[in-house]
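Hi everyone, thanks for making time today. I'd like to walk you through a structure that may be new to you, so please have a look at it with me.

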Amino acid sequence: MSSFELGRVSIRSYAFELVKNEIDKRLLPLLADKQGGVLDFQDLFRRFSFDSICRFSFGLDPKCLESSLPISQFALSFDLASKLSAERAMTTSPIVWKIKRFLNIGSEKKLREAIKMINILAQEVIRQKRKLGFSNHRDLLSRFMGSISDETYLRDIVISFLLAGRDTIASALTSFFYVIANRPKVAKSIREEADRVLGPDKDLTSCEQMSELHYLQASVYEIMRLYPPIQFDSKFCLGDDFLPDGTFVKKGTRVTYHPYAMGRMEELWGCDCLEFKPERWLKDGVFFQENPFKYPVFQAGLRVCLGKEMALVEIKSVALSLLRRFHVELAQPYHHIPRFSPGLTATFSGGLLVSVREISP
């Protein structure tokens, strides 16, 4: 059902409208107002993506990117739950967090409270939608509510979309500007392509125009090759099986793959695998899609990311809008290699500190 809904042209157009509105009404004015100071782009993009995914999934606007930079209880609870869930994997043994969960103490008590708050808020949104009517609303929850009545199921599936569509977008955008800020020639090439395709000083008006921005697409893919939002992922084998090389995999085995490492392997990407080269994704100036099993940033096969196209629209819309209006400079030198914090997605420890200034006409 999700695949069917997310494949609709109407819902992609709706997502594009929401993202464009968030960029034009909040993100760009906020950056224009904060010129000259130091901003944490990672925090900014997390707020942006949380507002966007909540509006798209719930029809709820947390307004985390308002000029006063408020932070909603929903966002705080969501952040805490994600952080504590990821930290379970860092414990010496799962017995540790299981005992804490049984006794309801420490981090497990905080996690339980955060999840309780998320569930209460999600259920309240569902209740309000049922009360006000949802048949003429365009958000994802309203579409599901037309055929699903189980409120727990509705709550869980929408929270899953929040989890999948919030921090991954923020991570990709943070990495994008970390890399591009030190490459003015790449930023210039992206601007020139946009001027050529869209026209000077003309904004994107539809998703369809995105398909003509081949160099922008190549730059986004190249950055996620080096800095994938999900650095490693796992699947569990449902039945006895064999890998293509003949390796036997027993039922129940956890199989983990590592997009971060795969994107830096010389045997996959050549001797220049550690270099940032958007050109590796272009053939005669046209974007060329690599085998998704070689580039599993969006997963591959039956498990390919349902929101892949909408994620790309959001990432490219933000990247293009900011690059056409602002020069972005890192507050720390580029050779200051980012350290990643433990989490479900790749997060720069300490954020990404930058300064921006508007491009002169």
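Which residues make a nonpolar surface patch of about 550 Å²? Here they are: Ile95, Ile99, Phe102, Leu103 and Ile105. Before we go further, please keep in mind that this is a predicted model. Let's pick out one member of that patch, Ile95, which sits in helix H5, the stretch running over residues 94-103. Ile95 has a relative accessibility of 54%, so it counts as exposed, since the exposed class begins over 50%.

Now let's turn to the pockets, and to one in particular. The second largest pocket has a volume of about 800 Å³. It is lined by 24 residues, and those closest to its centre are Lys235, Val255, Tyr257, Phe293 and Arg303. If you want to find the strands involved, look for S2, at 233-236, and S5, at 254-257, since each supplies at least two residues of this pocket's lining. The top contributor is S5, with three residues. As for the chemical make-up of the lining of the second largest pocket, there are 14 nonpolar residues, along with five polar and five charged ones.

Next, the enclosed spaces. How many cavities of 30 Å³ or more does a search of the whole structure find? The search turns up two.

The largest cavity holds about 50 Å³ of space. Around the largest cavity you'll find Gln42, Arg46, Asp167, Ala170, Ser171, Thr174, Thr345, Ala346 and Thr347. Helix H3 (41-57) and helix H9 (167-180) are the elements that give two or more residues to that lining. Of the elements there, H9 gives the most, with four residues. By class, the largest cavity's lining comes out as five polar, two nonpolar and two charged residues.

The second largest cavity has a volume of about 30 Å³. Its lining is made up of Met224, Arg225, Pro259, Met262, Gly263, Lys294, Tyr295, Pro296 and Val297. Two helices each supply at least two of these residues: H11, covering 214-226, and H12, covering 259-262. Sorted by class, the lining of the second largest cavity has six nonpolar residues, two charged and one polar.

Let me finish with a few single residues in loops. Gly301 is in the loop that runs between strand S7 (286-287) and helix H14 (308-325). Is Gly301 buried, partly exposed or exposed? Its relative accessibility is 45%, and therefore Gly301 counts as partly exposed, the class in between under 20% for buried and over 50% for exposed. If you'd like a sense of distance, take Gly301 and Val220: they are 81 residues apart in sequence, and their C-alpha atoms are 21 Å apart in space.

Then we have two aspartates to look at for their backbone angles. Asp201, in the loop between helix H10 (184-198) and H11, has a phi near 65°, a positive value in a residue other than glycine. With a relative accessible area of 78%, Asp201 is exposed.

And where does Asp284 lie? You'll find Asp284 in the loop between strand S6 (282-283) and S7. Phi of Asp284 is near 55°, again a positive value in a residue other than glycine. Asp284 has a relative accessible area of 85%, so this residue is exposed.

That's my tour, so thanks for listening, and I'm happy to go back to any part of the picture.

Terms used
Residues numbered from 1 in each chain as written. Predicted model: local features only at pLDDT ≥ 70, side-chain atom pairs only at ≥ 80, totals over all residues. Heavy atoms only, no water. Patch = residues over 30% accessible without salt bridge, like charges linked within 9 Å, V, L, I, M, F, W, Y side chains within 5 Å. Areas by Shrake-Rupley, 256 points an atom, 1.4 Å probe, with all protein chains shown as cover. Salt bridge = Lys/Arg side-chain N within 4 Å of Asp/Glu carboxyl O. Buried < 20%, exposed > 50% of the residue type's maximum accessible area, 1.4 Å probe, protein only. 1 Å grid on protein atoms, 1.4 Å probe; cavity = no way out; pocket = protein on both sides within 12 Å on 5 of 7 lines; lining within 4 Å. Points joined across faces, edges and corners; volume = space filled by probe spheres on them. Nonpolar A, V, L, I, M, F, W, Y, C, P; charged D, E, K, R; others polar.
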